[in-house]
Amino acid sequence: MKITGSETTILKVPEDEPLANMPEAEGRFRPVVIVRLRTDNGLEGIGLTFYGGAMTGSLCKAVDELAELTVGADPMRVEAVIESLRATGDSAGPGGIFSLALSAIDTALWDIKGKALEQPLWKLLGGHRDRVPTYASGALRRGLTDDQAAQAARTLVEKGFTQMKTQMALPGNPTPADEIRRVRTVREAVGPDITLMCDINQRWRPEQAIDIGSRVEDVGLFWLEDVTTADDYQGLARVTAALNTPIAGGEYLYGIRPFRQMIEARSVDIVMVDIVRAGGVTPWMKIAAMAEAFNLPIVSHVMPEILVHLVAACPNGLTVEYMPWMLALYEETPAIENGDLVLPDKPGLGLKFDEKAITAFTA
Ligand SMILES: [Mg+2]
């Protein structure tokens with residue numbers, strides 16, 4: 001089997017918030033690049049990438065250029081294909097657009113591999129479990145009022161979510177008391193038995209994280225996420241050592257090597273990996289194994305329809321972020337039953353683009 005060609009499309013995907021219908025801003029779009037990698041025996045692997053922002057045209061071009069370099073290669077030899085792309089393009093990396101583009105190709109290669117072997121990706125990667133916990137994300141945002149956040153949280157519970165994530169580091173100039181009131185409001189709305197996480201998105205200094213974090217220990221957060229600048233490994237380690245609440249982080253790191261520094265510095269209790277910044281399925285799984293060796297759980301960032309395969313494959317996979325950014329791109333995505341995502345039986349990613357949606361979103 002050989003790769004014969006590819007096709008990329010730039011999409012503008014609406015920034016809806018379908019879980020609790022609480023959008024922070026109406027009418028905004030998220031630019032996304034999708035790729036279809038084709039083979040001489042009629043298989044098609046799909047991949048996608050984003051975070052290009054105003055440089056999404058350049059990101060799309062980077063995917064095109066890398067995909068062109070794969071023509072003639074055997075898609076079953078993912079490491080060989082990736083090594084050849086690194087040999088040619090890695091001086092434009094290792095982070096940034098190179099990694100973002102590489103991730104789309106790597107994901108498409110794994111999709112092809114699964115389709116060729118007629119096995120779902122989660123089984124190819126290890127197949128540890130056939131269902132995994134998931135948490136609602138993106139609905140309980142910092143831009144909401146306390147009342148809106150409480151209402152949205154109750155909506156998520158009514159929909160059957162047993163895990164959900166909210167945010168602190170509120171907009172404006174919140175006092176610590178404002179921050180604490182918000183997270184308590186959400187906890188009171190959902191009750192003591194819901195697993196509740198809280199994301200700071202790098203907006204605090206380490207001492208703020210220790211101050212506010214220590215004053216919300218009794219809220220029983222499952223984790224506090226990205227409490228400060230993502231590559232301040234020493235600052236993160238101070239927060240992690242100071243708080244009983246587990247600290248999660250890693251979604252902003254590119255490739256596999258920064259995770260070594262983060263983990264060796266004891267910066268986090270829970271390792272979060274973004275597949276797009278990591279560079280695809282291949283590096284994501286290597287980071288998961290690195291975390292396992294340090295007795296740390298691994299969690300995913302966005303795209304539950306793809307990441308469910310990876311978290312389910314790993315013995316240290318903890319939960320899947322149910323962030324619905326891309327769900328509208330597909331005909332069908334994995335179902336949620338009793339708070340768990342159910343792994344698909346279809347080969348590869350088990351996803352098929354909804355061509356009507358793709359046409360409607362094409363930029
Ligand atoms: Mg986050």
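In this predicted model, the largest nonpolar core has 119 residues. Those with the most contacts inside the core are Val-33, Val-35, Val-63, Ala-101 and Ile-105. Helix α3, which spans residues 96–117, gives the most to this core. Its share is 11 residues. The core draws on both domains, with at least three residues from each of domain 1 and domain 2.

Val-63 shows how these core residues meet. Neighbours within four places in sequence are left aside here. Val-63 is then in contact with Val-33 and Val-35. Val-63 is also in contact with Ala-101, Ala-104 and Ile-105. Two threonines, Thr-8 and Thr-49, complete the list of its contacts.

The next feature is the sheet. Strands of a sheet pair through backbone hydrogen bonds, either parallel or antiparallel. Here, an open sheet of 3 strands runs in the order β1-β2-β3, and the pairing is antiparallel. The edge strands are β1 (3–14) and β3 (44–49). Each of these edge strands pairs on one side only. On average, neighbouring strands of the sheet are turned by 20° against each other, with direction ignored. β1 pairs with strand β2 (residues 29–39) over 11 bridges, in the antiparallel sense. Leu-11 stands opposite Val-32 in β2.

Two helices pack on this sheet. Helix α1 (residues 56–69) touches β1, β2 and β3. The direction of α1 makes about 10° with that of β2. Helix α3 touches β2 and β3. The direction of α3 makes about 155° with that of β3.

The last feature is the domain arrangement. The domain assignment gives domain 1 as 3–118 + 354–361 and domain 2 as 122–342. Domain 1 thus takes in two segments of the chain, as listed in the assignment. The centres of the two domains, taken over C-alpha atoms, are separated by 24 Å. Across the boundary, 29 residues of domain 1 are in contact with 29 residues of domain 2. On the side of domain 1 that touches domain 2, α2 (78–89), α3 and α13 (355–361) each supply at least two residues. Helix α3 gives the most to this side, with 10 residues. By class, this side of domain 1 has 16 nonpolar, 6 polar and 7 charged residues.

Helix α3 therefore recurs in several settings: α3 gives the most to the largest nonpolar core, packs on the sheet, and gives the most to the side of domain 1 that touches domain 2.

Definitions and conventions: Residues numbered from 1 in each chain as written. Predicted model: local features only at pLDDT ≥ 70, side-chain atom pairs only at ≥ 80, totals over all residues. Core = buried A, V, L, I, M, F, W, Y, C linked by C-beta atoms within 7 Å. Buried ≥ 20, exposed ≤ 12 C-beta atoms within 10 Å, placed from the backbone. Helix = DSSP H or I, 4+ residues; strand = E, 2+ residues; numbered from the N terminus. Domains from an automatic or database assignment. Contact = placed C-beta atoms within 7 Å. Nonpolar A, V, L, I, M, F, W, Y, C, P; charged D, E, K, R; others polar. Pairing = 2+ DSSP bridges. Axes fitted to C-alpha atoms, helices over the stretch in contact; angles between N-to-C directions.
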